[in-house]
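User: Could you take a close look at the salt bridges in this protein for me? I would like to see who pairs with whom, and what surrounds each pair.

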Amino acid sequence: MPAPSLLRRRSRRLVIAAAVPLALAALADDVRVRRRLDAARRDPLTGLHLRDGYTSRARQIVGRHRTDGLVVLVDVDHFKQINDTHGHAAGDRVLAVTAQRLTDWAGSRGAVGRLGGDEFAATVWIDLARRRVLLDQLAAALAQPVDIGGRLVDVAVSIGAATPDIVGTTDLSSLQRTADAAMYAGKHTGLPVLADRAHTAMPSVNGRRAGRPGTSLGVAL
C-alpha cells in the first residue's frame with residue numbers, strides 16, 4: 001500500500017491537472033469578453049476608438065506626458081460633396097483611408113478616435129521641437145488622393161492642434177476646444193494650425209467652437 005505522503009502528492013497532482021483546463025477555459029472566456037467589449041467601443045467602419053474610448057486613452061496620454069502632449073482635430077472638407085458626387089461607398093472609403101493614415105501617423109505614441117461623421121481626433125506625445133514638422137507631415141499624408149475602384153478622388157482636410165504648454169492646461173476638453181478653434185482658423189487652407197493663446201479666447205458652446213454643428217447658443221460654457 002502506498003505511503004500516505006505519496007497518496008497526498010498524487011492527489012495534489014490530480015487536483016492541479018483538473019484545475020488547469022478550467023483555468024485556461026476561464027482565461028479564454030475572459031479574452032473573448034474583452035475582445036467583444038473592445039469591438040463594441042470601436043467604430044465599425046474605421047476600426048477607430050469611438051468618443052468614450054478615445055477620450056479615456058487621450059486623457060491618460062496628456063496626464064502622463066503633459067507638456068509633450070499634442071491634441072489634434074481633423075475634419076474632411078467638403079465631405080458631403082464627395083458623397084453626392086461619387087456615392088456613399090466612396091465617402092466611406094475616404095473615411096476609412098483617412099482613419100488609417102491618421103493611425104499610421106500617430107503610431108504607438110498616441111491614440112486615435114472617430115468623434116463622429118467626418119471628424120477625427122488624435123492625441124500623441126512628441127518632442128516639442130518636432131511637433132511642427134510632424135503636423136506638416138500629417139497634413140501632407142491626409143491630402144493625398146484616395147483610390148476608389150481605380151479612380152483617384154481628391155481629398156482636403158482641415159487640421160487644428162493644441163498643446164498643454166501653449167494653452168496652459170492639461171485638461172483634454174480645453175485642449176480639444178482650442179484645437180477646434182485653431183482648425184476653424186485654418187479651414188480650407190490645407191495648412192495645419194497650431195493653437196496659440198488667442199485661440200483659447202474664442203467663444204465656445206457646449207465644449208465646441210460657437211457655430212459648429214451640434215452647438216446651441218442657449219447654453220454657454
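Analyst: Let's start with Arg131, which has a relative accessibility of 12% and therefore counts as buried, the cut-off being under 20%. This is a predicted model, so please read every value here as computed from that prediction. The side chain of Arg131 meets that of Asp165 in a salt bridge, with 3.0 Å from N to O. Arg131 belongs to helix H5 (residues 131-142) and Asp165 to helix H6 (residues 164-167), so this contact ties together parts that are 34 residues apart in sequence. The partner sits in another setting: Asp165 is partly exposed, at 33% relative accessibility. As general background, side chains of opposite charge can pair when their charged atoms come close.

How many salt bridges does a search of the whole structure find? The search finds five. Let's walk through some of the others.

Another one joins Asp75 and Lys187, whose side chains meet at 3.4 Å, N to O. Asp75 lies in strand E1 (residues 69-76), while Lys187 is in the loop between helix H7 (172-185) and E7, so the pair ties together parts that are 112 residues apart in sequence. Asp75 has a relative accessibility of 7% and counts as buried. Lys187, in turn, is partly exposed, with a relative accessible area of 27%. Asp77 comes into the picture too: through salt bridges that share partners, Asp75, Asp77 and Lys187 are joined into one network.

Two histidines are worth a look while you are in this part of the sequence. His78 is placed in the loop between E1 and helix H3 (79-86), and its phi is near 55°, a positive value in a residue other than glycine. His188 is found in the loop between H7 and E7, and the phi of His188 is also positive, near 70°. Most residues other than glycine have a negative phi, and that is why such values catch the eye. At 48% relative accessibility, His78 counts as partly exposed, and His188 does as well, at 49%.

Now for a pair involving Arg114. This residue forms a salt bridge with Asp43, and the closest N and O atoms are 3.0 Å apart. The two come from distant parts of the chain: Arg114 is in strand E2, Asp43 is in the loop between H1 and helix H2 (51-65), and 71 residues separate them. Buried or exposed? Arg114 and Asp43 are both buried.

The strand that carries Arg114 is part of an open sheet of five strands, in the order E2-E3-E1-E6-E7 and with mixed pairing. The edge strands are E2 (110-116) and E7 (193-194), each of which pairs on one side only. E2 pairs with strand E3 (residues 119-125) in the antiparallel sense, over six bridges, and within that pairing Arg114 stands opposite Phe120 in E3. The strand of Asp75, E1, also appears in the order of this sheet.

Finally, for contrast, here are some arginines in another kind of grouping. Arg9, Arg10, Arg12 and Arg13 gather on the surface in a patch of positive charge. Arg9, one of them, is found in helix H1 (residues 4-40) and is partly exposed, with a relative accessible area of 38%.

Note on methods. Residues numbered from 1 in each chain as written. Predicted model: local features only at pLDDT ≥ 70, side-chain atom pairs only at ≥ 80, totals over all residues. Heavy atoms only, no water. Patch = residues over 30% accessible without salt bridge, like charges linked within 9 Å, V, L, I, M, F, W, Y side chains within 5 Å. Areas by Shrake-Rupley, 256 points an atom, 1.4 Å probe, with all protein chains shown as cover. Salt bridge = Lys/Arg side-chain N within 4 Å of Asp/Glu carboxyl O. Lys, Arg positive; Asp, Glu negative; His and termini not counted. Charge placed at Lys NZ, Arg CZ, Asp CG, Glu CD. Helix = DSSP H or I, 4+ residues; strand = E, 2+ residues; numbered from the N terminus. Buried < 20%, exposed > 50% of the residue type's maximum accessible area, 1.4 Å probe, protein only. Pairing = 2+ DSSP bridges.
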